[in-house]
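Please explain how the helices of this protein pack and where its nonpolar cores lie. A formal account in running paragraphs is wanted.

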Amino acid sequence: MEIIRSNFKSNLHKVYQAIEEADFFAIDGEFSGISDGPSVTALTNGFDTPEERYQKLKKHSMDFLLFQFGLCTFKYDYTDSKYITKSFNFYVFPKPFNRSSPDVKFVCQSSSIDFLASQGFDFNKVFRNGIPYLNQEEERQLREQYDEKRSQSNGAGALSYTSPNTSKCPVTIPDDQKKFIDQVVEKIEDLLQSEENKNLDLEPCTGFQRKLIYQTLSWKYPKGIHVETLETEKKERYIVISKVDEEERKRREQQKHAKEQEELNDAVGFSRVIHAIANSGKLVIGHNMLLDVMHTVHQFYCPLPAILCGPWCFGLWEPCCLRAPKHELQDLNEFKEMTTCVFPRLFLMRVMDIPYLNLEGPDLQPKRDHVLHVTFPKEWKTSDLYQLFSAFGNIQISWIDDTSAFVSLSQPEQVPIAVNTSKYAESYRIQTYADYVGKKREEKQMKRKWTEDSWKEVEPKRLNTQCGSYSLQNHHYHANSLTATSTVGKRNLSPSRAEAGLEARASGEISDTELEQTDPCAEPLSEGRKKAKKLKRMKKDLSPTGSISDSSAKLFEVPDTW
């Protein structure tokens, strides 16, 4: 069954019923593109770890749009010993619900569009009649807007769709709008005096004019009328004013609330189908479905987490080992909730020795002692690598980028021989896969250490600066610690002497006693000595030659060779 925006609501109950009755599902998606930079072949590598593959797809694929979602439900008929299938083909498109709704931007890849066009894909159905959707955060924000609007309406008596700035006091009307508002008030007075007319349709007007009308009527007519904004067929907004008693007003408020709920459901749109699949907790299968799952979660549920480690986590049944910044924990919880229905193994395409992602436990840990990491000039081609390793029999090559690749040998015992061949080579370098991974891990740890140490150094410096400022304000400061002029409170823009003193003490240019004398906010001697030694040790560790550099800029220079 083909489902688009015009028949989505009328067929939604059929979809729900099929999901409820099914034993398991199959899904498939069509996208506006696969990779926004490198080709698919260049993007993926035969020796990607699950985390690396996830990060690559997250970085290069999530700006594309999943605009067709296929769902097939399977129910086993024990009487006839066969499966009964029901298939649904949804065209989806992020049409903005209102002016404050997200205006989604996405990119297209020419090869993907060309492929879909060659298969007869109807793009008009996507762009003209695609089913809208909201993720959980967008839905939450929209519901909050409706709740706020409703509470304001209840607090303003008879008014419906009240402006957030509605006032129960006389409002200030600009001079150029006074005539317009006076005419509106005059029409309402005539409506209230008339025994025949019950409603008054005002002419379409600007948003600012509607705001003035709401504010004026909220103050002038707290009871007896009902005010509502509607749209013409041309999408022009106008105000309808009705004479009502209290009972009629409540009835209309109930109608308005029901209409709001319908509008909310319409805005959530196709995401309601995804929620039904997730809430069912049933098995979901598909072909090469990692990208399908990531797009489904990203578009219809919540943003993908930035970092996943340990078991590659979709949170099937048991909590998984996660490491992520604190502000992303909520997204991770939503991510786990969404994917409770996913099959515990996802096929990992184009990986030589990890055939699938294990979603309910640790990933496979293949033995890669036969794999080498090779760096070489940009001009090299695959044939050059085959020639380099021609003496080692059959090999497999997995390119990483223009200057590096993984090469797997058929015989692991030949790895030390291959590594030794590059000891004195100038144009290329060979190392084992274990050494490559180990150095990458060390680089990450070093970067993290630099970041942590930088923050540790920033805090004392900030306190020193605050203390120096405080001393200036109280006119208690030493001439050696701050450069002052005849105007009290001025200081030079160069680093404080406290910072400079710490640097000098680390290099042996100033003694501990001298530093205490020149620094009005100096730490106790023992603490200062500890910090100086730590700084000195850090500089020594980071210096390529093992000596302390004279320049402070050398502190964070990275050696050319590790």
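Helices (H or I, at least four residues) and strands (E, at least two) are DSSP runs, numbered from the N terminus. This is a predicted model, in which local features need pLDDT of at least 70, side-chain atom pairs count only at pLDDT 80 or more, and totals for chains, interfaces and linings use all residues. Residues are numbered from 1 along each chain as its sequence is written, and side-chain values use heavy atoms, with hydrogens and water left out.

Helix α10 is followed by Gly281, whose phi is positive, near 65°. Seven of the ten residues of α10 are buried (under 20% relative accessible area, 1.4 Å probe, protein chains only), so this helix is largely enclosed by the rest of the structure. Among the buried residues are Val273, His275 and Ile277.

The axes of α1 (residues 5-21) and α10 (residues 271-280), as lines fitted to C-alpha atoms over the stretch in contact, with angles from 0 to 180 degrees between N-to-C directions, come within 10 Å and cross at roughly 10°. That makes α1 roughly parallel to α10 (an angle under 35 degrees). On the α1 side, Phe8, Leu12, Val15, Tyr16 and Ile19 meet Arg272, Val273, Ala276, Ile277 and Ser280 of α10, contact meaning heavy atoms within 4.5 Å.

The largest nonpolar core, a set of buried Ala, Val, Leu, Ile, Met, Phe, Trp, Tyr and Cys residues joined through side-chain atoms within 4.5 Å, has 50 residues. Those with the most contacts inside this core are Phe69, Leu71, Phe90, Phe270 and Val273. Its largest share, six residues, comes from α11.

Conventions:
Angles under 35 degrees count as roughly parallel, over 145 as roughly antiparallel, 65 to 115 as roughly perpendicular and the rest as oblique.
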